[in-house]
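Subject: Structure handover and findings

Hi,

Here is the structure for you to take over. My notes on it follow below.

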Amino acid sequence: MSAQPERMLIKVIVDRLSDRVLGVHIVGLEAAEMIQLAGIALQMGATKAQFDTVLPVHPTAAEEIVTLRAPTRRHG
């Protein structure tokens with residue numbers, strides 16, 4: 001995917017205390033398709049640990065949602 005000129009932003013927002021995924025932001029091509037699947041997981045109350053157990057489909061931009069491991073920022 002890195003050879004492609006298009007860029008994408010993916011952000012997963014996680015509650016530090018409960019590990020529950022509170023939101024996912026996706027900006028880029030095919031974002032609408034990916035966010036629909038994230039919405040299902042959010043409605044079911046998925047945790048970041050559960051996201052981490054999903055087998056990523058390679059090579060796709062969507063695999064980044066489940067391969068994000070380290071927080072870039074912490075608030076609160």
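Glu-30 sits in the loop between β2 and α1. Its phi is positive, near 65 degrees, and Glu-30 is not a glycine. The residue counts as exposed because its relative accessible area is 56%, and the cut-off for exposed is over 50%. Please keep in mind throughout that this is a predicted model.

Asp-19 also has a positive phi in a residue other than glycine, near 70 degrees. Asp-19 belongs to the loop between β1 and β2. Its relative accessibility is 27%, so Asp-19 is partly exposed.

One more backbone point concerns proline. The peptide bond from His-58 to Pro-59 is cis, and omega is near -5 degrees. Pro-59 is in the loop between α2 and α3.

**Helix α1**

Helix α1 runs over residues 31-43, which makes 13 residues. From first C-alpha to last it reaches 18 Å, close to the 18 Å expected at 1.5 Å a residue.

Which residues of α1 are buried? They are Ala-31, Met-34, Ala-38 and Ala-41. These residues cover an arc of only 85 degrees around the axis, so they fall on the same side of α1. Ala-32, Glu-33, Gln-36 and Gln-43 are exposed on the other side.

What covers the buried residues of α1? The cover includes β2 (21-27), α2 and α3. After α1 comes Gly-45, with a positive phi near 80 degrees.

**Helix α2**

Lys-48 is part of helix α2, residues 48-52. Is Lys-48 buried or exposed? Lys-48 is buried, because its relative accessibility is 11% and buried means under 20%. Its side chain makes a polar contact with the side chain of Asp-52, at 2.4 Å. Leaving out residues up to four places away in sequence, Lys-48 touches Val-14, Asp-19, Val-21, Leu-68 and Arg-69. Asp-19, the loop residue with the positive phi, is thus one of the residues that Lys-48 touches.

Gln-50 is in helix α2 too. At 44% relative accessibility, Gln-50 is partly exposed. Gln-50 and Val-21 are 29 residues apart along the chain, and their C-alpha atoms are separated by 9.4 Å.

**Helix α3**

Glu-63 is in helix α3, residues 63-67. Glu-63 counts as buried because its relative accessibility is 11%. Setting aside neighbours within four places in sequence, Glu-63 is in contact with Pro-56, Val-57 and His-58. His-58 is also the residue that begins the cis peptide bond to Pro-59.

Glu-64 lies in α3 as well. Glu-64 is partly exposed, with a relative accessible area of 36%. From Glu-64 to Leu-9 the C-alpha separation is 9.8 Å, with their positions 55 residues apart in sequence.

**Strand β2**

His-25 is in strand β2. His-25 is partly exposed, at 36% relative accessibility. Not counting residues up to four places away in sequence, His-25 touches Leu-9, Ile-10, Lys-11 and Ile-13. The C-alpha atoms of His-25 and Ala-49 are separated by 18 Å, and the two residues are 24 apart along the chain.

**The largest pocket**

How much space lies in the largest pocket? The volume is about 720 Å³. The lining has 18 residues. Closest to the centre of the pocket are Val-12, Val-14, Pro-71, Thr-72 and Arg-73. Val-14 is also one of the residues that Lys-48 touches.

Which elements give two or more residues to this lining? They are β1 (9-14) and α2. β1 gives the most, with 5 residues.

**Short list to check in the viewer**

- The positive phi values at Asp-19, Glu-30 and Gly-45.
- The cis bond from His-58 to Pro-59.
- The side-chain polar contact from Lys-48 to Asp-52, at 2.4 Å.
- The buried side of α1, with Ala-31, Met-34, Ala-38 and Ala-41.
- The largest pocket, at about 720 Å³.

Best wishes

How values were computed
Residues are numbered from 1 along each chain as its sequence is written. Side-chain values use heavy atoms; hydrogens and water are left out. Helices (H or I, at least four residues) and strands (E, at least two) are DSSP runs, numbered from the N terminus. Buried means under 20% relative accessible area, exposed over 50%, partly exposed in between (1.4 Å probe, protein chains only). Contact means heavy atoms within 4.5 Å. A polar contact is a pair of N or O atoms within 3.5 Å; within protein, one must be able to donate a hydrogen and the other to accept it, and residues adjacent in sequence count only if both atoms are side-chain atoms. The expected span of a helix is 1.5 Å times one less than its number of residues. The arc is that of the directions from the helix axis to the C-beta atoms. On a 1 Å grid over the protein atoms alone, a cavity is a set of points where a 1.4 Å probe fits but cannot get out, and a pocket is an open set with protein on both sides within 12 Å along at least five of seven lines; lining residues have an atom within 4 Å of a point. Grid points are joined across faces, edges and corners, and a volume is the space filled by probe spheres set on the points.
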